[in-house]
Amino acid sequence: MNLLINNIIILSTLLITTVACDNSTGKKENSNSIKKENKVTIPSFNSDSAYYYIKRQIDFGPRVPNMSSHKQCAKYLTETLNRFSDTVYIQETTATAFDGTNLNLINIIGSFNPENRNRILLAAHWDTRPFADKDPNPDNFYTPIDGANDGASGVAVLLEIARLLSKTHIEIGVDIILFDGEDYGVHSKHENKYKDDTWALGSQYWSKNPHISNYNARFGILLDMVGAYEATFKHEGYSMYYAPNIVRKVWETARHSGFEDYFINRKGGFIMDDHYYINKYRNIPTINIIHQEASTEHGFFKYWHTTEDTIDKICKNTLNAVGQTVVNIIFQE
Ligand SMILES: [Zn+2]
């Protein structure tokens, strides 16, 4: 089913299948955008605005598929992207979770210059983990999480980029894809083992059924957990396997922009995330900017998949480092 409402296109399918941070000062952040040689001024990422977009999302409550908070947030994200981008596509589908639950999923896509074949794809997952199975307190193992960092931060950076793009003329086509169902993967306590393909359900669907048939982009950048204090982003394994040149380009741009404390030139682990399926099924070289940390047992940020992934763990300087780097990449193209 294809419905066109204003400029929102609904595609509905039934498918059974180490930097200190002070949030009170956002002053330094206007100096990191690179001036382009042809005098195009690259817009400054506003981390206050991105922080606000995180707050708006978590105010709905956990964005777990089939919950009313999930539906309400989808409406908010659709309306927000519709304000900023040229066309919004809503892709609705169902998927079966690892435990047999039938999930109603919504991928939300905001496109800029949809007619241009020269495109960049930017993505993040907007759903949150239904259970805090890494929480130190076993009572919380089945409690849904706020996902201020895991989910909301990546989306918020992309919404702020959408806002900037709406005010600036760009030639290149940009698609902002908010994937659903990324974090509904197998419960670590329940099954006690990792299961392939139980994660990233929305992107698995989109990668096989893109919102536009034969959709292509030159490259893609996925953002996941990009808001914590002292976040470090290393060269993630699948990103290096499928898109090493894009990794180098992004890390180089980050260094030129003054963010080398965040973007570390070191090998990271292989993370099963939305970018894996975009590479595998759509052959679009796509990287993952994801917070990896050597000091924790699981290798992610300290509050990963716990009830403590809350807004007080969000650092505006980190949002700015990632957001401005991606903006600089877009305007280099
Ligand atoms: Zn997660």
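**Entry 1: overall make-up**

I began by counting elements in this predicted model. The protein chain has eight helices and ten strands. Next I looked up how much of the chain is covered. Of its 333 residues, 52% are buried.

I then checked the confidence. The mean pLDDT of the protein chain is 91, and 88% of the residues score at least 70. Two stretches made me cautious. Residues 1–6 stay under 50 in pLDDT, and the model gives them six contacts beyond four places in sequence. Residues 14–20 also stay under 50, with twelve such contacts. I leave both stretches out of what follows.

**Entry 2: strands β3, β4 and β6**

I turned to β3, which covers residues 87–96. How do β3 and β4 pair? I found an antiparallel pairing over ten bridges. One bridge links Thr87 to Ser111 in β4. The two strands form a hairpin, with five residues between them. Gly100 sits in that turn and has a positive phi of about 90°.

Then I followed β4, residues 102–112, to its other partner in my notes. β4 and β6 run antiparallel and share five bridges. The strand β6 spans residues 173–179. Here Gly110 stands opposite Ile176.

Is β4 enclosed or open? I counted nine buried residues among its eleven, so β4 is largely enclosed by the rest of the structure.

I picked Val88 in β3 for a closer look. Why does Val88 count as buried? It has 25 other C-beta atoms within 10 Å, and the cut-off is 20 or more. I also noted a link across the chain. Val88 and Ile177 are 89 residues apart in sequence, yet their C-alpha atoms are separated by 9.7 Å.

**Entry 3: the nonpolar core**

I looked up the largest nonpolar core next. It has 89 residues. Which residues have the most contacts inside it? They are Leu122 and Leu158. Helix α3, residues 148–166, gives the largest share of this core, with eleven residues.

I listed the contacts of Leu158, leaving aside neighbours within four places in sequence. They are Leu122, Ala124, Ile176 and Leu223. Ile176 is the residue I had already met opposite Gly110. I added a general reminder: in soluble globular proteins, nonpolar side chains tend to be buried together.

**Entry 4: helix α6**

I checked the length of α6, residues 244–256. At 1.5 Å a residue, its 13 residues should span 18 Å. The end C-alpha atoms are 18 Å apart, so the two values agree.

Which residues of α6 are buried? I found Val247, Val250, Trp251 and Ala254. They cover an arc of only 95° around the axis, so they lie on the same side of α6. I then asked what covers them. The covering elements include β7 (219–224), β8 (233–235) and α5 (237–242). They also include β9 (263–267), β10 (286–290) and α8 (316–332).

After α6 comes Gly258, with a positive phi near 90°.

**Entry 5: helix α7**

I moved on to α7, residues 274–282. Is α7 mostly covered or mostly open? Seven of its nine residues are buried, so I put it down as mostly covered. The buried ones are Asp274, His275, Tyr276, Tyr277, Ile278, Asn279 and Arg282. Among the elements covering them are β5 (119–125), β6 and α4 (201–208). The cover also includes β7, α5 and β10.

**Entry 6: two positive phi values**

I wrote down the rule first. Most residues other than glycine have a negative phi. Then I looked at two residues with a positive one.

Asn283 has a phi near 55° and is not a glycine. It comes just after α7, in the loop between α7 and β10. Is Asn283 buried or exposed? Asn283 counts as exposed, because it has 11 C-beta neighbours inside 10 Å.

Glu230 also has a positive phi near 55°. I found Glu230 in the loop between β7 and β8. With 17 other C-beta atoms within 10 Å, Glu230 is partly exposed.

Key. Residues numbered from 1 in each chain as written. Predicted model: local features only at pLDDT ≥ 70, side-chain atom pairs only at ≥ 80, totals over all residues. Helix = DSSP H or I, 4+ residues; strand = E, 2+ residues; numbered from the N terminus. Buried ≥ 20, exposed ≤ 12 C-beta atoms within 10 Å, placed from the backbone. Pairing = 2+ DSSP bridges. pLDDT = per-residue confidence, 0-100. Contact = placed C-beta atoms within 7 Å. Core = buried A, V, L, I, M, F, W, Y, C linked by C-beta atoms within 7 Å. Expected span 1.5 Å × (residues − 1). Arc of directions from axis to C-beta.
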